[in-house]
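Me: Please give me a close look at one part of this structure, the positions that UniProt marks as "binding site". Which residues are they, are they buried or exposed, and what lies around them?

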Amino acid sequence: MSKKLIHVAVGVIENSNGHILISQRAEHLHQGGFWEFPGGKVEPSESVLVALDRELQEELNLRVHEATPLLQVPYDYPDKSVLLDVWHVTGFSGEIRSNEGQPWRWVARPDLINYAFPPANSPILNAVLAL
Ligand SMILES: Nc1nc2c([nH]c(=O)n2[C@@H]2O[C@H](COP(=O)(O)OP(=O)(O)OP(=O)(O)O)[C@@H](O)[C@H]2O)c(=O)[nH]1
Ligand SMILES: [Mg+2]
């Protein structure tokens, strides 16, 4: 059976110090325990940017004001296929509040290699390190 392709809006959020926001996926979720760039599934009626703004608001209480496309990563997990639509977010507002209790932190770019990300994320890490 062919797997449905899941379109995911992902934000590489950079603050004025050049640090990047990561959060940790809850254990019970797909790829649980790994760190991630915040985001979530694009609903059928949404543009990616609208989905990104909604997901960051739902998960972290952040609104997106400025973002540019960074890269798209198609990846086949054994149980699902995803298309990670990754945006570089340079303008945002709001005090971070982790609405689902997930840990989060701002990380200097070179330190990102010390965190375990899902297998699909390797190209994202490379793109972020090259920003
Ligand atoms: N947000 C996010 N998802 C990622 C990353 N890397 C990666 O493989 N994914 C995968 O993308 C898929 C969708 O992301 P998600 O779980 O955040 O979706 P969501 O917020 O809408 O979750 P929900 O369905 O529980 O409401 C998951 O299968 C997840 O494992 C990443 O860096 N960030
Ligand atoms: Mg999510």
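Reply: The account below starts from the annotated positions and works outwards to the elements around them.

This is a predicted model, in which local features need pLDDT of at least 70 and side-chain atom pairs count only at pLDDT 80 or more, while totals for chains, interfaces and linings use all residues. Residues are numbered from 1 along each chain as its sequence is written, and chains are lettered from A and ligands numbered from 1 in the order in which they are written.

An unreviewed UniProt entry places the feature "binding site" at Gly39 and Glu59. UniProt positions are given here in the numbering of this model, with shortened feature names, and such annotations may be inferred rather than shown by experiment. The two positions are spread over 21 residues of sequence, yet they cluster in space, with a largest C-alpha distance of 7.9 Å.

Gly39 lies in strand 4. Helices (H or I, at least four residues) and strands (E, at least two) are DSSP runs, numbered from the N terminus. Gly39 is buried, because 25 other C-beta atoms lie within 10 Å. The cut-offs are 20 or more other C-beta atoms within 10 Å for buried, 12 or fewer for exposed and anything in between for partly exposed, with C-beta atoms placed from the backbone. Leaving out residues up to four places away in sequence, Gly39 touches Val8, Ala9, Val10, Gly11, Leu52 and Glu55; a contact means that the two C-beta atoms, placed from the backbone, lie within 7 Å.

One of these contacts, Val10, also stands opposite Gly39 in strand pairing. Strand 1 and strand 4 (residues 39-41) pair in the antiparallel sense over three bridges; two strands pair if DSSP finds at least two bridges between them. Strand 1 (residues 5-13) also pairs with strand 6 (residues 81-93), here in the parallel sense and over nine bridges. In strand 6, Val86 is the bridge partner of Val10.

Glu59 sits in helix 1 (residues 48-60). Glu59 counts as buried, because it has 20 C-beta neighbours inside 10 Å. Apart from neighbours within four places in sequence, Glu59 is in contact with Pro38, Asn99 and Glu100.

Helix 1 has 13 residues and reaches 17 Å from its first C-alpha to its last, close to the 18 Å expected at 1.5 Å a residue, where the expected span is 1.5 Å times one less than the number of residues. Its buried residues are Val48, Ala51, Leu52, Asp53, Glu55, Leu56, Glu59 and Leu60. They pack against strand 1, strand 4, strand 5 (63-76), strand 6 and strand 7 (104-108). Just after helix 1, Asn61 takes a positive phi of about 65 degrees.

Gly39 is also among the residues around ligand 1: of the 18 there, Gln31, Glu36, Gly39, Gly40 and Lys41 come nearest. A residue is near a molecule if its C-beta atom, placed from the backbone, lies within 6 Å of it. Strand 1, strand 4 and strand 6 are the elements that give two or more residues to this shell. By class, the shell has ten nonpolar, five polar and three charged residues. Here Ala, Val, Leu, Ile, Met, Phe, Trp, Tyr, Cys and Pro count as nonpolar, Asp, Glu, Lys and Arg as charged, and the others, Gly among them, as polar.
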